[in-house]
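Thanks for making time this morning. I would like to walk through one structure with you, and I will ask a few questions along the way.

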Amino acid sequence: MDFKKLNNLSGWLTFLIALIVYSITIEDTASFWDAGEFIAVSNKLEVPHPPGAPFYLLLGRFFSFFSFGDPEKIAISINFLSALGSAFTILFLFWSITHLTSKIYPPKNNKNIILVILSGLTGALSFTFTDSFWFSAVEAEVYAMSSFFTAFVFWAILKWEGLENKKLENKWIILIAYMMGLSIGVHLLNLVAIPALALIVYFKKYKNTSIIGVITSLITGLIIVGLIVEGIIPGLPSIASFVERLFVNSLGLPFGSGIIFFILIFIASLVYLIWYSQKREKPILNTSLLAFTFILIGYSSYSLVLIRSNYNPPIDENNPENILNFISYLKREQYGNRPLFKGQYFDAEVIKQEESGVNYKKGEEKYEVKEKKYRYVFDPKRSTIFPRMYSNSPNHKKRYREITNLNENQKPTFSDNIEFFLKYQVGHMYLRYFMWNFSGRSSDIQNANWLGLQNVFDEVPYQLEMNKARNNYLMIPLLLGILGLLFQYYRDNKNFYVVMLLFILTGVALVVYLNSPPTEPRERDYIYAGSYYAFSIWIGYGSLFIFSIFSRLITNKNISIALTALISLSSPVILAKENWDDHDRSDRFMTVDSAKNLLNSCAPNSILFTGGDNDTFPLWYVQEVENFRTDVRVIVLSYFNTDWYIEQMMSKKNDSEKIIFSIPLDNYIQGGLNDYLPYVNNPKIQNVAINLKGYINLVKRNSKAIQVATSASNYNSIPSKSFWLSVNTDNLIPEKLQDIKQDTLFISLKSNKSGLEKKDLAFLDLLQANNWERPIYFNNTSLNGINLDLKRNVIQEGFAYRLFPVLNPNSGSIINTELMYSNIMNNSFWRELNNPDAYFSEDHRGFIMNYRSTFNTLIKSLIANKQYEKALEVINKSIELIPDESVMYDHFSVQLVDFLIDLEIKANFDTQSLANEIAEIISQRSDEVLNYYFDNKIQDRYEIQKNLVSLNTLARAYNKKPNSDLAKKYRELFENNYSRNQVN
């Protein structure tokens with residue numbers, strides 16, 4: 001049996017299995033979070049969020065050509081890039097495992113060959129079906145491609161280890177360096193593998209190893225990582241920026257002269273050093289310089305960011321079109337910094353602000369200071385080494401105290417700091433994810449716990465039982481990995497430390513470096529895929545451990561191998577079986593359809609404000625890729641706090657004309673007077689609203705009358721919390737809403753706000769300059785995210801809220817019933833929402849709850865307007881489109897029972913049986929969930945309150961009918977559970 005040939009064929013077999021699985025389960029279109037953005041920017045080579053992923057975008061652009069001109073196929077074409085990269089990751093993992101295990105069982109006989117191949121199949125196929133890696137493999141995200149680079153360089157250094165030819169050794173080192181350089185243009189996670197590679201180099205070069213040598217190689221690897229992350233990536237552009245400013249500002253030379261000079265000198269110096277090292281026959285220096293050069297060649301993909309930003313594409317985040325903006329983009333300055341070695345506790349007081357640098361902008365003849373950068377200085381008495389609880393955000397402070405059991409008056413100590421690190425950062429944000437991948441997962445609900453053997457016979461509510469992401473692997477992969485870890489430790493000590501170092505660097509070391517806050521908008525398990533990759537190597541070793549046991553108990557080697565294969569391959573089999581239904585993304589279009597529905601709720605040539613990533617990125621996708629409703633200008637409210645984004649709104653994008661502002665761009669520059677405008681009480685004004693146009697004119701003129709001084713600089717202020725704007729309402733307000741129109745629109749700060757952010761000022765400027773020529777819309781997130789109280793001035797027209805000069809006399813929403821009916825019933829997309837085989841994650845279910853809420857709003861309005869037939873039509877349509885079989889009824893579905901009873905009473909419709917059916921399903925599930933929570937003492941206030949409200953709503957609905965037994969039944973259910981909640 002030829003091991004080399006079999007090893008190659010088996011490796012390609014694992015590749016083929018992985019590729020087929022990922023191709024079958026791949027997302028057909030854009031998914032939530034960053035995938036929509038990456039597909040959009042790859043398609044047109046635009047500029048994504050910092051620090052960018054230019055090499056990934058180039059690959060994505062290439063793969064988009066396989067759509068063959070069909071815009072709706074571009075997404076799946078780019079998604080396939082992740083599937084292919086992930087399949088190659090499995091290929092190189094297989095070869096890495098067989099390379100390592102062959103050191104213990106040299107493949108010189110059939111038994112050893114079979115065992116080595118079996119170890120590779122066990123480890124590689126197990127990793128194929130792990131939760132986090134499979135998740136990234138079927139969507140357009142950078143983590144799959146990043147895993148490929150990690151797998152390749154680890155395999156390549158193992159390949160290098162087996163070489164005897166010095167020239168070949170150097171070529172492989174240069175190849176590894178080049179791949180490292182390319183990986184920078186995808187994600188920096190790959191670089192953390194460098195210390196593990198350094199350890200392999202040390203073990204090969206030095207036969208007599210020592211602890212000092214191991215530590216030295218580790219430190220050397222970390223220094224190389226530091227040089228790349230801080231020296232090359234932002235360092236070289238920073239030096240180039242300094243030279244550029246020197247040439248332009250001090251020497252009076254043209255723009256760009258310093259950059260050209262730096263590039264020429266740098267390349268000439270590098271060429272000379274390489275020539276020198278070759279001529280003087282210094283192989284180590286020569287190889288190091290060539291490796292450095294090839295890292296730079298790989299890193300050069302970042303030139304794409306500068307080139308494309310200069311073309312001002314529709315998506316041009318941070319506008320890194322010059323070297324100055326580019327450095328800020330690379331350093332991710334907009335996200336701030338997290339203290340690592342020394343910093344403040346969360347309760348530390350800010351004692352002052354101090355200048356920490358300046359940002360420059362390109363002027364007419366030289367570079368000018370754009371803004372001074374400041375940093376907070378905290379009370380040094382409340383600082384600590386290794387700060388873990390550092391954020392002074394009110395929500396974060398509350399969570400810190402909850403996690404460490406501190407009351408409101410207690411000051412955190414270093415022991416609390418370590419408790420938070422171990423309990424939350426290591427336990428919750430890493431070990432929980434690790435157990436998800438190798439033991440089991442309770443559900444896809446955020447903060448879900450892990451499962452294991454102890455949970456096999458758990459009785460859980462129907463909602464949890466039927467959650468497709470409830471997966472229990474019976475700890476088989478975990479136990480195999482632990483046994484493999486021990487086996488490698490005792491049988492191949494040196495390589496054990498290599499794998500262990502890779503495992504730690506891509507796991508716990510990342511936990512330390514990332515220093516996670518106490519809350520996250522989403523689960524972060526995908527970050528630690530490299531750690532799961534390393535553990536999968538030990539799963540492969542686990543099969544060797546199993547065989548070593550059987551070989552002692554059973555004399556027949558064939559039976560021992562057969563039993564070993566049976567037990568070992570149960571790991572990938574159970575992972576595949578359990579994970580398939582919640583990783584199969586086929587027949588799922590809701591992300592894209594939700595974006596189309598939101599845009600279709602907007603009038604032509606309108607302006608739409610959005611909030612978070614999941615509101616915005618799907619909109620970017622449908623506009624930039626599918627060319628859908630490109631007349632609508634999407635404004636991301638959080639980006640509206642930046643000068644670069646406001647500047648981009650001032651130009652035409654696609655079919656959307658530029659936004660008109662009165663205040664010039666210079667007044668929006670970061671670090672100017674308008675970053676934050678606090679309310680300063682003016683005794684002459686008191687609680688009187690001020691003229692919005694007049695105030696905007698004061699801001700425009702930088703009037704001293706509204707300026708106030710702070711510890712760092714001056715800011716404009718607002719002398720009143722309310723503004724008024726005169727409106728010509730002729731032909732503006734729908735006829736049915738004429739009774740609530742206002743000739744003067746009053747806008748106030750929300751009651752809990754004490755000033756305007758730049759985004760609020762920009763909105764007010766846009767509002768008065770627009771003069772109602774372009775319709776202005778908000779979605780739920782942006783309506784809640786803006787600091788102005790606009791809820792009584794908007795009219796719901798579908799999935800969006802249109803701003804009008806109206807005033808709602810009541811607290812509820814104003815509905816344009818006819819337009820909303822038309823938009824939802826005739827102008828919306830609902831593909832596959834009624835498919836019980838399609839998987840809808842928690843992100844999807846959140847949007848579906850909003851769908852049901854929107855349906856309910858329309859039904860309620862139709863009943864109030866006595867349009868009973870239409871109301872029943874909408875009810876039936878909502879159930880048909882989103883049935884319980886595909887997405888379980890939620891607390892918004894309870895209202896359908898109330899509406900059906902209303903229609904039975906008011907219109908004499910035969911809706912009783914449908915109402916009873918829905919009520920019985922929801923009541924049973926709510927009672928089951930509540931009993932589960934109470935019996936297990938689970939303190940989830942939101943879930944408990946939600947289900948109590950559902951039962952109470954059912955009781956009140958049936959109270960409308962005289963002598964209703966169901967009203968009594970649901971009232972008793974509610975009261976019993978309410979009493980138990982009070983006791984708990």
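Which helix contributes the largest share of the nonpolar patch? Please keep in mind throughout that what we are looking at is a predicted model. The answer is helix α19, residues 476-491, which supplies five residues of the patch. The patch itself lies on the surface and is formed by L453, V456, F457, L474, L479, I482, L486, Y489, Y490 and Y497, which together have about 1000 Å² of accessible area. One of these residues, Y497, lies in helix α20, residues 493-505, and Y497 is partly exposed, with a relative accessible area of 37%.

Helix α20 also gives us a link to another part of the chain, since it is one of the elements against which the buried residues of helix α9 pack, the others being α7 (142-161), α8 (166-184) and α10 (211-232). How many of the residues of α9 are buried? The count is 10 of 12, so the helix is mostly covered. The buried residues are I194, P195, A196, L197, A198, L199, I200, Y202, F203 and K204. As a check on the geometry, the 12 residues of α9, which runs from 194 to 205, should span 16 Å at 1.5 Å a residue, and the end C-alpha atoms are 17 Å apart, which agrees.

Let me set beside that another covered helix, α25, which comprises residues 590-600 and has 11 of its 11 residues buried. Among the buried residues are M590, D593, K596 and N600, and the partners against which the buried residues of α25 pack are β7 (607-610), α26 (613-624), β8, α31 (817-826) and α32 (842-864).

Two of those partners bring us to a sheet. Where do β7 and β8 sit in the strand order? The sheet is open, has six strands in the order β8-β7-β16-β19-β18-β20, and shows mixed pairing. β8 (633-636) and β20 (814-815) stand at the edges, and because each has a single partner strand, one side of each is left without a neighbour in the sheet. Further inside that order, strand β18, residues 794-796, and strand β19, residues 801-803, pair in the antiparallel sense over three bridges, and Q796 has Y801 in β19 as its bridge partner.

There is a second open sheet, this one of four strands, whose order is β10-β13-β14-β17 and whose pairing is again mixed. Its edges are β10 (690-691) and β17 (788-789), each with a single partner strand, so that one side of each is left without a neighbour in the sheet. The strands β14, residues 744-749, and β17 run antiparallel and are joined by two bridges, with L788 in β17 serving as the bridge partner of L749.

For a hairpin, we can turn to β2 and β3, which have four residues between them. Here 11 bridges join β2, residues 350-362, to β3, residues 367-378, and the two strands run antiparallel. K362 is paired with Y367 in β3.

I would now like to look at a few places in the backbone. Which peptide bond is cis, with omega near 0 degrees? It is the bond from P50 to P51, and P51 is found in the loop between α2 (34-44) and α3 (54-64). Two further residues have a positive phi although neither is a glycine: N318, at about 70 degrees, and F386, at about 50 degrees. N318 lies in the loop between α14 (303-310) and α15 (323-330), whereas F386 is found in the loop between β4 (383-385) and α16 (394-404). Is N318 buried or exposed? With a relative accessible area of 11%, N318 is buried, since the cut-off for that class is under 20%, while F386, at 22%, is partly exposed.

Finally, a word on L563, which is found in helix α23, residues 557-568. L563 is partly exposed, with a relative accessible area of 30%, and, leaving aside residues up to four places away in sequence, L563 touches F550 and I554. L563 and I546 are 17 residues apart in sequence, and their C-alpha atoms are 8.6 Å apart in space.

Terms used:
Residues numbered from 1 in each chain as written. Predicted model: local features only at pLDDT ≥ 70, side-chain atom pairs only at ≥ 80, totals over all residues. Heavy atoms only, no water. Pairing = 2+ DSSP bridges. Buried < 20%, exposed > 50% of the residue type's maximum accessible area, 1.4 Å probe, protein only. Contact = heavy atoms within 4.5 Å. Patch = residues over 30% accessible without salt bridge, like charges linked within 9 Å, V, L, I, M, F, W, Y side chains within 5 Å. Areas by Shrake-Rupley, 256 points an atom, 1.4 Å probe, with all protein chains shown as cover. Salt bridge = Lys/Arg side-chain N within 4 Å of Asp/Glu carboxyl O. Expected span 1.5 Å × (residues − 1).
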